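Subject: Structure handover

Hello,

Here is the structure I promised to pass on. My notes follow below it.

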Amino acid sequence: TGVVGFEQVDTDVNVDNTNDKTRLTLGLNYRPVEAVVLKTDLHLNYNKAVPGIEAPTKGFRFSLAFLF
């Protein structure tokens with residue numbers, strides 16, 4: 001199963017500050033059996049308040065869930 005998520009935080013719309021963040025999450029979930037899910041996510045984090053940095057910072061997560 002494909003997963004897409006989008007989050008945006010702007011603590012003060014009148015000022016660009018380090019708390020202004022945007023995250024795009026792309027992921028895949030795989031269920032080898034009904035009770036188990038293997039999950040992978042790629043997080044792309046953008047912070048418009050940091051000048052000169054156009055590329056997002058990246059994070060990767062792998063998780064395993066059982067009987068949830």
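In which strand does Thr25 lie? Thr25 is part of strand β2. Please keep in mind throughout that this is a predicted model. I come back to Thr25 further down, after the overall layout.

Overall layout

The protein chain has zero helices and four strands. Read from the N terminus, its elements follow the order β-β-β-β. The four strands form an open sheet in the order β1-β2-β3-β4, and the pairing is antiparallel. β1 and β4 are at the edges with a single partner strand each, so each has one side without a neighbour in the sheet. From one strand to the next, the twist averages 20 degrees. As general background, strands of a sheet pair through backbone hydrogen bonds, in either a parallel or an antiparallel way.

Of the 68 residues in the protein chain, 15% are buried. The chain exposes about 5300 Å², and carbon and sulfur atoms supply 59% of that area. Among contacts with a separation of 6 or more, 34% are between residues 24 or more positions apart.

Strand β1 and its partner

Strand β1 covers residues 2-9. How many of its eight residues are buried? The count is zero, and the strand is hardly covered. β1 runs antiparallel to strand β2, residues 21-33, and eight bridges join the two. Among the bridge partners, Gly2 is matched with Leu28 in β2, and Phe6 is matched with Leu24 in β2.

Asp20 is in the loop between β1 and β2. Asp20 counts as buried because its relative accessibility is 3%, and the cut-off for buried is under 20%. In sequence, Asp20 and Tyr46 are 26 residues apart, while their C-alpha atoms are 8.6 Å apart in space.

Thr25

Back to Thr25 in strand β2. Is Thr25 buried or exposed? With a relative accessibility of 9%, Thr25 counts as buried. Its contacts, leaving aside neighbours within four places in sequence, are Val3, Val4, Gly5, Asp41, Leu42 and His43. Of these residues, Val3, Val4 and Gly5 fall within β1, residues 2-9, while Asp41 is placed in strand β3, residues 36-46. The side chains of Thr25 and His43 are also joined by a polar contact of 3.1 Å.

The salt bridge

How many salt bridges does the structure hold? There is one. Asp41 and Arg61 form it, with 2.8 Å between the closest N and O atoms. The pair links distant parts of the chain: Asp41 is in strand β3 and Arg61 in strand β4, residues 57-66, with their positions 20 residues apart in sequence. Asp41 counts as buried, at 10% relative accessibility. Arg61, at 43% relative accessibility, counts as partly exposed. Asp41 is therefore on the buried side of the 20% cut-off, and Arg61 is in the range between 20% and 50%.

To recap the residues I would look up when you open the model: Thr25 with its polar contact to His43, Asp41 with its salt bridge to Arg61, and Asp20 in the loop between β1 and β2.

Regards

Methods: Residues numbered from 1 in each chain as written. Predicted model: local features only at pLDDT ≥ 70, side-chain atom pairs only at ≥ 80, totals over all residues. Heavy atoms only, no water. Buried < 20%, exposed > 50% of the residue type's maximum accessible area, 1.4 Å probe, protein only. Pairing = 2+ DSSP bridges. Salt bridge = Lys/Arg side-chain N within 4 Å of Asp/Glu carboxyl O. Axes fitted to C-alpha atoms, helices over the stretch in contact; angles between N-to-C directions. Contact = heavy atoms within 4.5 Å. Areas by Shrake-Rupley, 256 points an atom, 1.4 Å probe, with all protein chains shown as cover. Polar contact = N/O pair within 3.5 Å; in protein donor to acceptor, adjacent residues only side chain to side chain.
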